[in-house]
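User: Please take a close look at the packing in this model. Which elements meet, and through which residues?

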Amino acid sequence: MRAVFFNVGNSVRSGWKLLGYFLLTALFVGGSIFLRRMLPDGVRPFVSEPLLAFLGALLATRVCTRLERTSLAAAGFSPTGPIWRDLGLGLLGGAAAVLLVAVGVWLLDGLHLVRAPEGTVSGLLRGAWTMLVASLFEETVFRGYAFQRAVQGMGARWAQVLFAVLFTLAHPFPPEMEGSVMALAMLNTFMAGWVFGLCYLRTGHLALPVGAHWGWNWVLGSLGFGVSGNDSKGWWTPVFHGKPTWLTGGDYGLEASVVTAGVLVLILVGLTRWKGHKTVIAPVPLTPPIIATGL
């Protein structure tokens, strides 16, 4: 029975650590959002749900690393090193990927953009903040502590598969979507999850995947496209030319476009060939390390 919970190194198996982390995250995130709804109406707008979700996931990470006697830095939250450079590069890379997809669909006569009269600088900045905290939350959950323990327990490749699937399932896909378009959107989301996972594996911290995720979502919303099916109001509004939804992505957004699939394949090839700053993921314990193998 002991072997069910502990591996040969007498350490708790990674699978139980994943389960514990997700339970703690659900508890902290759900509890904080519940408490937010009890705040006065005048206070509630200053405490956003995405921010509370990120803080809840971060607190769960801190509890888990504390139990292991490691640090948040070991879980990818190191304030040192090329963190700001990688955050900026990720932001630029994510933004460039969206622009490349949009230009590709435009060249195929799928759409054109018109200036949105309601677009304002303050709205653009609010969108930047919202997309930043949302990206921080998602990357903390899907590329943070749990992903890293999965890498330790089952290897990088299978951890990538598992968390890309979880990342895909965490996104909404309206039932009214055409079957082929939904399959394409799910494939693109899976590949995006793999891209963000590679960003972490190549650097050993979360700055690059957070930046790439942030840049993609922010520019996507700023151009007026749906963000994973969620409506957005940016500086521009796409006008579709009646082409198939698998080309333009339709109301769901460019994440359901075949052009996105092509761009993501190119990014995956580049990241796979890139050696990065760090190729081995290993937490830095505060006590002598115990070698852990197996889920």
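Analyst: Helices α4 and α11 cross in a right-handed sense. Right-handed means that the near helix is turned clockwise from the far one by less than a right angle; anticlockwise would be left-handed. This is a predicted model, in which local features need pLDDT of at least 70 and side-chain atom pairs need pLDDT 80 or more, while totals for chains, interfaces and linings use all residues. Residues are numbered from 1 along each chain as its sequence is written, and side-chain values use heavy atoms, without hydrogens or water.

Stay with this pair for a moment. Helix α4 covers residues 83-107, and helix α11 covers residues 258-273. Helices here are DSSP runs (H or I, at least four residues), as are strands (E, at least two), numbered from the N terminus. The axes of α4 and α11 come within 9 Å and cross at roughly 140°. Axes are lines fitted to C-alpha atoms, for helices over the stretch in contact, with angles from 0 to 180 degrees between N-to-C directions. At that angle, α4 and α11 are therefore oblique to each other. The classes are roughly parallel (under 35 degrees), roughly antiparallel (over 145), roughly perpendicular (65 to 115) and oblique for the rest.

Which residues of α4 and α11 meet? From α4 come Ala97, Leu100, Val101, Gly104 and Val105. From α11 come Val259, Thr260, Val263 and Ile267. By class, this contact of α4 with α11 has seven nonpolar and two polar residues, with no charged ones. Contact means heavy atoms within 4.5 Å. Nonpolar covers Ala, Val, Leu, Ile, Met, Phe, Trp, Tyr, Cys and Pro; charged covers Asp, Glu, Lys and Arg; the others, Gly among them, are polar.

Now move to α5. Helix α2 (residues 14-36) and helix α5 (residues 121-143) have axes that come within 11 Å and cross at roughly 155°. That makes the two helices, α2 and α5, roughly antiparallel. Tyr21, Phe22, Thr25 and Val29 supply the α2 side. Phe137, Thr140 and Val141 supply the α5 side. The contact of α2 with α5 has five nonpolar residues, two polar and no charged.

Helix α3 also packs on α5. The angle is about 30°, and the axes of α3 and α5 are 8 Å apart. That makes α3 roughly parallel to α5. The crossing of α3 and α5 is left-handed. On the α3 side, the contact uses Pro50, Leu51, Ala53, Phe54, Ala57, Leu58 and Thr61. On the α5 side, it uses Trp129, Val133, Ala134, Leu136, Phe137, Thr140 and Val141. The α3 contact with α5 has twelve nonpolar, two polar and no charged residues. Phe137, Thr140 and Val141 of α5 thus take part in the contacts with both α2 and α3.

Next, α7 and its surroundings. Helix α7 spans residues 156-169 and holds Leu166. Thr168 is in α7 as well. Leu166 is partly exposed because its relative accessibility is 30%. Thr168 counts as buried at 5%. Buried means under 20% relative accessible area, exposed over 50%, and partly exposed in between (1.4 Å probe, protein chains only). Beyond its neighbours within four places in sequence, Thr168 touches Phe173, Met186, Thr189 and Phe190. Phe190 also relates to Leu166: their C-alpha atoms are 8.7 Å apart, across 24 residues of chain.

Helix α8 (residues 179-203) includes Gly197. Gly197 is buried, with a relative accessible area of 0%. Past neighbours within four places, Gly197 contacts Arg143, Phe147 and Gln160. Its C-alpha lies 12 Å from that of Ala150, which is 47 residues away in sequence.

Two loop residues deserve a look. Arg69 has a positive phi of about 60° without being a glycine. Most residues other than glycine have a negative phi. Arg69 sits in the loop between α3 (49-67) and α4 and is partly exposed at 46%. Ser228 has a positive phi too, about 55°, and is not a glycine. Ser228 sits in the loop between α9 (207-222) and β2 (236-240). Unlike partly exposed Arg69, Ser228 is buried at 9%.

Last, the cysteines. The structure holds zero disulfides, a disulfide being two cysteine sulfur atoms within 2.5 Å. Cys64 is buried at 7%. Cys199 is buried at 5%.
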